[in-house]
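Colleague: Please pick one part of this model and walk me through it slowly. I have the sequence and the 3D view open on my bench.

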Amino acid sequence: MTTQDPIYKTDALIAENIDAYLEAHQHKTMLRFITCGSVDDGKSTLIGRLLYDSKMIFEDQLATLEADSKRVGTQGGEIDFALLVDGLAAEREQGITIDVAYRFFATEKRKFIVADTPGHEQYTRNMVTGASTADLAVILIDARKGILTQTRRHSYLAHLLGIRHIVLAVNKMDLVDYDQATFDQIVEDYRAFATSIGISDFTAIPISGYKGDNITGLSDNTPWYQGRALLPHLEQVEVDTTSDLDQPFRLPVQWVNRPNLDFRGFAGPVVSGSVRPGDKVRVLPSGKTSTIDRIVHLDGDRDQASAGESVTVTLADEIDCSRGQVIVAAQAPLEVADQFESTLVWMDEVPLLPGRAYWLKIGAQTVSATVHEPKYEVNVNTQEHLAAKALDLNAIGVANVTTDREIPFAPYAENKDLGGFILIDKITNHTVAAGMINFALRRAQNIHWQATDISREHHALTKNQKPATLWLTGLSGSGKSTIANVVEKKLARMNRHTFLLDGDNVRHGLNKDLGFTEADRVENIRRVGEVAKLMTDAGLIVITAFISPFRSERDMVRGMMQPGEFIEVFVDTPLEVAEERDVKGLYAKARTGQLKNFTGIDSPYESPENPELRIDTTAMTPEEAADLIIARLIP
């Protein structure tokens with residue numbers, strides 16, 4: 001066969017056409033958008049219609065869709081487009097969206113990734129997940145219902161998360177006979193709300209996701225509407241792809257690449273700016289400086305790396321740089337701080353407990369953090385700032401956050417990657433909140449650790465002992481204070497330097513301002529932990545006797561101490577035994593409702609999972625328990 005053969009020419013033409021198509025497809029711009037709004041506003045149906053009209057459904061998928069529509073659809077046997085994205089069985093059974101469903105589709109002009117986010121209030125956290133990477137939000141409103149609380153909440157969150165392109169899609173116009181007055185009134189109501197939260201511009205489109213009106217083309221049913229249909233509008237929205245390029249260079253290190261002894265690279269995404277070999281850089285938070293030696297990519301060394309690319313860079317100097325640190329332009333470093341004002345979206349059914357330690361994950365770095373009492377909570381309907389002691393599920397509030405070490409950051413308004421974080425419960429590993437750093441607290445930059453010449457090792461050496469914290473935990477009446485007292489007396493006879501912190505005693509002074517709510521109990525233990533830490537720094541053996549009912553706070557105190565210096569002693573006494581003892585009469589008051597939030601009755605006690613010691617007070621005397629503890633402390 002020669003190159004003049006007709007078959008050869010046909011194959012060559014096909015190959016050329018495929019290459020041309022792939023080349024054109026590769027250079028299409030990408031738009032990420034979400035659909036959000038209240039329950040049953042038609043978000044899933046709209047996305048299904050977009051997939052259907054853009055011919056992104058295969059024949060077998062269409063056949064399955066038609067069959068499922070007859071079996072579990074909500075359109076009387078006709079095609080139910082929502083089933084294309086409602087993939088979970090629970091979603092199909094209830095006719096709602098629970099999880100975030102991502103779908104890809106493309107037109108001749110643009111590629112799209114759309115996130116279908118749930119409308120139910122208890123799944124607001126999933127809406128935040130979808131919105132965190134979106135360029136545009138399509139906020140749907142049922143034309144029959146108008147603006148609802150969840151519409152306002154999703155609009156507020158979209159604006160808060162930095163989405164600047166808003167489409168107000170007034171859906172189900174077919175159910176109000178395509179009435180222009182209804183549409184105009186909804187748009188006017190939404191404009192008043194949008195202005196109050198800082199949304200200066202939005203595009204309003206009357207649509208019917210089910211009927212297809214104004215989705216891919218203008219509908220004859222709305223001759224009074226002169227704007228663009230939804231899909232053409234999505235194709236023409238201008239997405240700013242250069243703003244990150246105009247910022248200074250930043251690369252959060254996700255992985256230290258060490259394939260052999262001769263190569264040590266730092267891999268991660270370039271989240272802003274650009275870099276070339278020879279550029280001077282700084283590693284934060286250490287502040288060490290060096291120069292970019294190489295930029296390594298899958299296809300070989302590069303002359304430049306820019307925002308949006310993931311690369312590996314090598315440095316000219318052997319300086320310490322590890323996962324979680326950030327490589328930045330030397331002349332334009334990031335701020336570094338350990339205290340911030342942050343906006344929080346609380347996403348857990350267990351409320352925020354101020355003072356409790358959570359994991360804070362920002363980029364590739366995870367640190368321990370505590371959230372202070374909120375400055376205020378935002379009412380999404382009125383934008384009023386409400387006083388709040390804590391944050392409940394779906395609440396949006398502003399609070400100060402303190403981390404256990406300094407971290408490099410940028411305000412969220414400047415860079416989402418370096419200013420957005422999540423909070424994780426240390427015990428359950430649940431993501432409990434999404435946060436956005438507003439700014440560092442000035443005192444965090446002005447307060448520095450004062451080095452002293454006499455070290456904690458010197459303090460311990462002069463006392464001829466190893467510092468430690470004996471943390472006795474258990475129910476009220478378990479015998480903690482009795483055992484702690486015996487332990488201190490025995491250690492005193494051994495010429496050990498000790499101090500006993502008792503739960504009741506500290507509430508007469510240090511913690512007399514605290515009550516017995518969960519938040520106050522968390523703060524009670526945090527303060528005691530800080531005191532115990534200072535005492536171990538002074539070389540003392542600290543003995544504590546606190547109910548300390550929550551594992552998170554006991555783990556928080558453990559994290560304050562040097563390795564091996566925290567000894568958790570679980571004074572394990574059954575509730576009925578502790579209640580029989582009840583020398584203070586507290587259980588009797590709790591049973592009759594006179595004493596609220598009493599551990600073991602109407603407030604939980606979380607038993608230690610892996611304590612260093614377990615004391616069964618039903619099987620040994622306080623003297624025997626004390627001997628066991630001292631044997632563990634001083635082998």
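**A mixed sheet and its helices**

Modeller: Start at A101, which stands opposite D116 in β3. Six bridges link β2 to β3, and the two strands run antiparallel. This is a predicted model, so keep in mind that local features need pLDDT of at least 70 and side-chain atom pairs pLDDT 80 or more, while totals for chains, interfaces and linings use all residues. Numbering starts from 1 along each chain as its sequence is written, and side-chain values use heavy atoms, without hydrogens or water.

Now zoom out to the whole sheet. Six strands make it up, in the order β2-β3-β1-β4-β5-β6, and the sheet is open with mixed pairing. Here, pairing takes at least two DSSP bridges between two strands. At the edges sit β2 and β6 (203–206), each with a pairing on one side only. Going from one strand to the next, the twist averages 25°. (Strands are DSSP E runs of at least two residues and helices are H or I runs of at least four, numbered from the N terminus.)

What sits on this sheet? Helix α6 packs on it, touching β1, β4 and β5 (165–171), and α6 points at about 170° to β4. Helix α7 lies across β4, β5 and β6, and its direction makes about 145° with that of β5. Angles run from 0 to 180 degrees between N-to-C directions, using lines fitted to C-alpha atoms, for helices over the stretch in contact.

These two helices also meet each other. Helix α6 covers residues 149–160 and α7 covers 180–197; they pack at about 40°, with axes 10 Å apart. On the α6 side, the contact is made by T151, R152, S155, Y156 and H159, and on the α7 side by Y190, F193 and I197. Contact here means heavy atoms within 4.5 Å. If you colour those residues in your viewer, you can trace the contact from T151 to H159 along α6 and from Y190 to I197 along α7.

Then there is helix α2, residues 43–53. It is mostly covered, with nine of its eleven residues buried, that is, under 20% relative accessible area. Those buried residues are K43, S44, T45, L46, I47, G48, R49, L50 and L51. They pack against four strands you have just met, β1 (29–37), β2 (101–106), β3 (110–116) and β4 (136–142), and against helix α8 (230–236) as well.

If you scroll on to the higher residue numbers, there is another open sheet to set beside this one. Five strands lie in the order β26-β27-β25-β28-β29, and their pairing is parallel. Its edge strands, β26 (498–502) and β29 (613–616), each pair on one side only. Neighbouring strands there are turned by 20° on average, ignoring direction. Four bridges join β28 (566–572) to β29, and these strands run parallel; V571 has I615 of β29 as its bridge partner.

Helices lie across that sheet too. Helix α15 (551–560) crosses β25 (468–473) and β28, at about 155° to β28. Helix α18 (622–633) lies across β25, β27 (541–545), β28 and β29, and runs at about 170° to β29.

To come back to where we began: follow A101 to D116, step across the strand order from β2 to β6, then add α6, α7 and α2.

Methods. Buried means under 20% relative accessible area, exposed over 50%, partly exposed in between (1.4 Å probe, protein chains only).
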